[in-house]
Amino acid sequence: MNFKNIFLGAMALSMVSGVALAGALDEPTNMAPFFTDSSMKTMKPEADFKAAWASMPKDKQDMMMKECQDAAMSKPHAEFCANLMALGGANK
């Protein structure tokens, strides 16, 4: 019985922590509007980047800005976050 509880607890913890690691910057549907290709390697020019940002819902903008301000979360998305910070996060 005790082994079963430990196993279920470990499974629940791994599932919860796995969800916590994935953020707005890791969601392809959030990031796709900012890139020219499906592999998301080439970002759109500044004007198109700004337009994609302006068309995004405020709650998604807030999540993305928050993650870009977190050093650990933003590291894999450094170039994207630099462009986002250059906009000041404002909906222009």
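**Aromatic pairs, a pocket and two loop residues**

Good morning. By the centre-distance rule for rings, which takes centres within 6.5 Å, there are three aromatic pairs in this structure, which is a predicted model. I shall begin with those rings and then turn to the pocket, the loop and one helix residue.

A pair of aromatic rings is described by the distance of the centres and the angle of the planes. Take phenylalanine 34 and phenylalanine 49. Their ring centres are 4.8 Å apart and the planes meet at 50°, so this pair is classed as tilted. Phenylalanine 34 sits in the loop between α2 (28–31) and α3 (46–54), while phenylalanine 49 belongs to helix α3, so the pair ties together parts that are 15 residues apart in sequence. Both phenylalanine 34 and phenylalanine 49 are buried.

The second pair to consider joins phenylalanine 34 to phenylalanine 80. Here the arrangement is edge-to-face, with 5.1 Å from centre to centre and 75° between the planes. This pair links distant parts of the chain, 46 residues apart: phenylalanine 34 is in the loop between α2 and α3, and phenylalanine 80 is in helix α6, residues 78–87.

Are phenylalanine 34 and phenylalanine 80 buried or exposed? Phenylalanine 34 has a relative accessibility of 0% and therefore counts as buried. Phenylalanine 80 has a relative accessible area of 3%, so it too is buried. Taken together, Phe34, Phe49 and Phe80 are linked by ring pairs into a cluster.

Phenylalanine 80 leads us to the largest pocket, since it appears in the lining. Which residues line this pocket? They are Leu25, Met31, Phe35, Met40, Lys41, Met43, Pro76, His77, Ala78, Glu79 and Phe80. The volume of the largest pocket is about 160 Å³. Helix α6 supplies the largest share of the lining, three residues. Sorted by class, the lining holds eight nonpolar residues, one polar residue and two charged residues.

One of the lining residues, Met40, deserves separate attention. Most residues other than glycine have a negative phi. Methionine 40, although not a glycine, has a positive phi of about 55°. This residue is found in the loop between α2 and α3. Its relative accessibility is 27%; methionine 40 therefore counts as partly exposed.

The loop between α2 and α3 also holds proline 33. How exposed is proline 33? With a relative accessibility of 31%, proline 33 counts as partly exposed. In sequence, proline 33 and alanine 52 are 19 residues apart, yet their C-alpha atoms lie 5.9 Å apart in space. Once neighbours within four places in sequence are set aside, proline 33 is in contact with Lys44 and Ala52.

I close with serine 74, which is placed in helix α5, residues 71–74. Serine 74 has a relative accessible area of 11%, and because buried means under 20%, serine 74 is buried. What does the side chain of serine 74 reach? Its partner is the backbone oxygen of alanine 71, at 3.4 Å. Again leaving aside neighbours within four places in sequence, serine 74 makes contact with Glu67, Cys68 and Cys81.

To recapitulate, the loop between α2 and α3 has recurred throughout this talk: it holds phenylalanine 34, methionine 40 and proline 33. Phenylalanine 34 is buried, whereas methionine 40 and proline 33 are partly exposed. Phenylalanine 80, for its part, belongs to the ring cluster and also to the lining of the largest pocket. Thank you.

Methods
Residues numbered from 1 in each chain as written. Predicted model: local features only at pLDDT ≥ 70, side-chain atom pairs only at ≥ 80, totals over all residues. Heavy atoms only, no water. Phe/Tyr/Trp six-rings, centres within 6.5 Å; stacked < 30°, edge-to-face > 60°. Helix = DSSP H or I, 4+ residues; strand = E, 2+ residues; numbered from the N terminus. Buried < 20%, exposed > 50% of the residue type's maximum accessible area, 1.4 Å probe, protein only. Polar contact = N/O pair within 3.5 Å; in protein donor to acceptor, adjacent residues only side chain to side chain. Contact = heavy atoms within 4.5 Å. 1 Å grid on protein atoms, 1.4 Å probe; cavity = no way out; pocket = protein on both sides within 12 Å on 5 of 7 lines; lining within 4 Å. Points joined across faces, edges and corners; volume = space filled by probe spheres on them. Nonpolar A, V, L, I, M, F, W, Y, C, P; charged D, E, K, R; others polar.
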